[in-house]
Amino acid sequence: MADSTKPFPHTSKPSFAPAGRNGYGTGARLALIGVAVNFVLALIKIIAGLLGNCYALIADGIESTLDIFSSLIIWFGLKLAAEPPDDEHPYGHGKAEPLASVVVALIIIAAAIGLSVESIHEIITPHHTPATYTLAVLVGVIIIKETLFRKVSGAAEQLGSTAVKTDAWHHRADVFTSAGAFIGVSIAILGGKGWEQADDWAALFTCSIIAFNGYKLLMPALHEVMDTAPPKELESSVRAIAAGVPGVAQVEKCRIRKMGLDYYVDIHIGVDANLTVRAGHEISHAVKDAIRTVKPEVVDVLVHVEPFEPLR
């Protein structure tokens, strides 16, 4: 049995910067790159679509214009999430990150609905066959957007950012839109008279894909805003780390919530009921330090100490 008069050895508290701070900066820079790319592509698409009688390309350009505002929302959300805790927000501003994702996902769904309505209008309105050069524009857009998606998506996986992931899939939605437009325009050009609406049908089909992607992005963001528990693997890992600290006889409750790129842990541990308050306090600090050392994404751990008396 532990000596109740001897304090438990206490490891020095590690000096961590919040895990997500640099990540927020990286995500914000990627969002601004997206703004610049979407601005240039929107101009090219709309001008080429107007001159080349290609509504699918015009719709794609309008969607890229919406992407500009979406990327700005992501940028603002990440910048706000990077702000340190204050008196009014003791847990920091991390919730701004998933909230930005919710707004952008809703914009994606709204854009898909709006473009669907316009596509139907164009289907029932006679118009000229799209110009051949619009296909080259669409190929260029697909290459640029897929490259940007891969770069941003890779960063999102490293950062664990819902907002950056949403921004990445916004770029992938553009790839789907442009690919659908390419197929439709190709059919319209090859089919000749009577096939002019093929690009509009392609745009309508692509809108359903965009709306589905918007829904897929919306749900994880809503879950994060609602403090849905993170994957069980993280909880199991945190429990194992706590249980491995000398003096911990039992790990009871363990609750984890995500705030932006960071995690906060509330954990209940059982220690020898005969230990002094000081010894129990030292064990709780050792648990906190161990979890934060092994899991740097965890920025704070609240440890509740309970007396443990084994059954005789």
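Which residues have the most contacts inside the largest nonpolar core? The legends below start with that core in this predicted model, and then move to other close-up views.

**View 1. The largest nonpolar core and the helices that build it.** The largest nonpolar core has 24 residues, and those with the most contacts inside it are Ile-74, Leu-78, Ile-108, Val-152, Val-164 and Ile-210. The elements that give two or more residues to this core are H1, helix H2 (55-81), helix H3 (96-123), helix H4 (133-159), helix H5 (162-191) and helix H6 (198-225). Among these contributors, H3 supplies the largest share of the core, with 6 residues. A second core, separate from this one, has 23 residues and includes Val-238, Ile-241, Ala-242 and Val-245.

**View 2. A nonpolar patch on the surface.** Phe-39, Val-40, Leu-43, Ile-44, Ile-47, Leu-51 and Tyr-133 form this nonpolar patch, and together they have about 690 Å² of accessible area. Helix H1, which covers residues 21-51, gives the largest share of the patch, 6 residues. One of the patch residues, Ile-44, has its place in helix H1, and Ile-44 counts as partly exposed because its relative accessible area is 40%, a value between the limits of 20% and 50%.

**View 3. Asn-38, a buried residue of helix H1.** Asn-38 is found in helix H1, and with a relative accessibility of 0% this residue counts as buried. When its neighbours within four places in sequence are left aside, Asn-38 is in contact with Ser-64, Asp-67, Ile-68, Ser-71, Lys-145, His-171 and Asp-174.

**View 4. Helix H6, and the salt bridge between Glu-224 and Lys-258.** H6 has 28 residues and reaches 41 Å from its first C-alpha to its last, which is close to the 40 Å expected at 1.5 Å a residue. Just after H6, Asp-227 takes a positive phi of about 60°. The side chains of Glu-224 and Lys-258 meet in a salt bridge, with 3.3 Å from N to O. Because Glu-224 lies in helix H6 and Lys-258 in strand E1, the pair ties together parts that are 34 residues apart in sequence. Both partners, Glu-224 and Lys-258, are buried. In general, side chains of opposite charge can pair when their charged atoms come close.

**View 5. A salt bridge within helix H7.** The side chains of Arg-239 and Glu-235 meet in a salt bridge, with 3.1 Å from N to O. Both residues lie in helix H7, where Arg-239 and Glu-235 are 4 residues apart, about one turn of the helix. Arg-239 is partly exposed, with a relative accessible area of 26%, whereas Glu-235 counts as buried at 18% relative accessibility, a value under the 20% limit.

**View 6. Helix H8 and what its buried residues pack against.** The 18 residues of helix H8 (residues 277-294) should span 26 Å at 1.5 Å a residue, and the end C-alpha atoms of the helix are 26 Å apart, so the two values agree. The buried residues of H8 include Ala-279, Gly-280, Ile-283, Ala-286, Val-287, Lys-288 and Ile-291. The buried residues of this helix pack against helix H7 (232-243), strand E2 (262-272) and strand E3 (298-308).

**View 7. Lys-288 and Asp-300, with a note on the other salt bridges.** The side chains of Lys-288 and Asp-300 meet in a salt bridge, with 3.3 Å from N to O. This pair links distant parts of the chain, with Lys-288 in helix H8 and Asp-300 in strand E3, 12 residues apart. Lys-288 is buried, with a relative accessible area of 15%, whereas Asp-300 is partly exposed, with a relative accessible area of 29%. Elsewhere, Glu-146, Arg-150 and Arg-172 are joined into one network by salt bridges that share partners. The structure holds 7 salt bridges.

**View 8. Ala-249, in the loop between H7 and strand E1.** Ala-249 is found in the loop between H7 and strand E1 (250-259), and at 42% relative accessibility this residue counts as partly exposed. When its neighbours within four places in sequence are left aside, Ala-249 is in contact with Gly-270 and Phe-308. Ala-249 and Phe-76 are 173 residues apart in sequence, and their C-alpha atoms are 46 Å apart in space.

Conventions
Residues are numbered from 1 along each chain as its sequence is written. This is a predicted model: local features need pLDDT of at least 70, side-chain atom pairs count only at pLDDT 80 or more; totals for chains, interfaces and linings use all residues. Side-chain values use heavy atoms; hydrogens and water are left out. Patches are made of residues with over 30% relative accessible area and no salt bridge: like charges are joined within 9 Å, nonpolar side chains (Val, Leu, Ile, Met, Phe, Trp, Tyr) within 5 Å. Accessible areas come from the Shrake-Rupley method with a 1.4 Å probe; for residues, only the protein chains shown count as cover. A salt bridge is a side-chain nitrogen of Lys or Arg within 4 Å of a carboxyl oxygen of Asp or Glu. Buried means under 20% relative accessible area, exposed over 50%, partly exposed in between (1.4 Å probe, protein chains only). Contact means heavy atoms within 4.5 Å. The expected span of a helix is 1.5 Å times one less than its number of residues. A nonpolar core is a set of buried Ala, Val, Leu, Ile, Met, Phe, Trp, Tyr and Cys residues joined through side-chain atoms within 4.5 Å.
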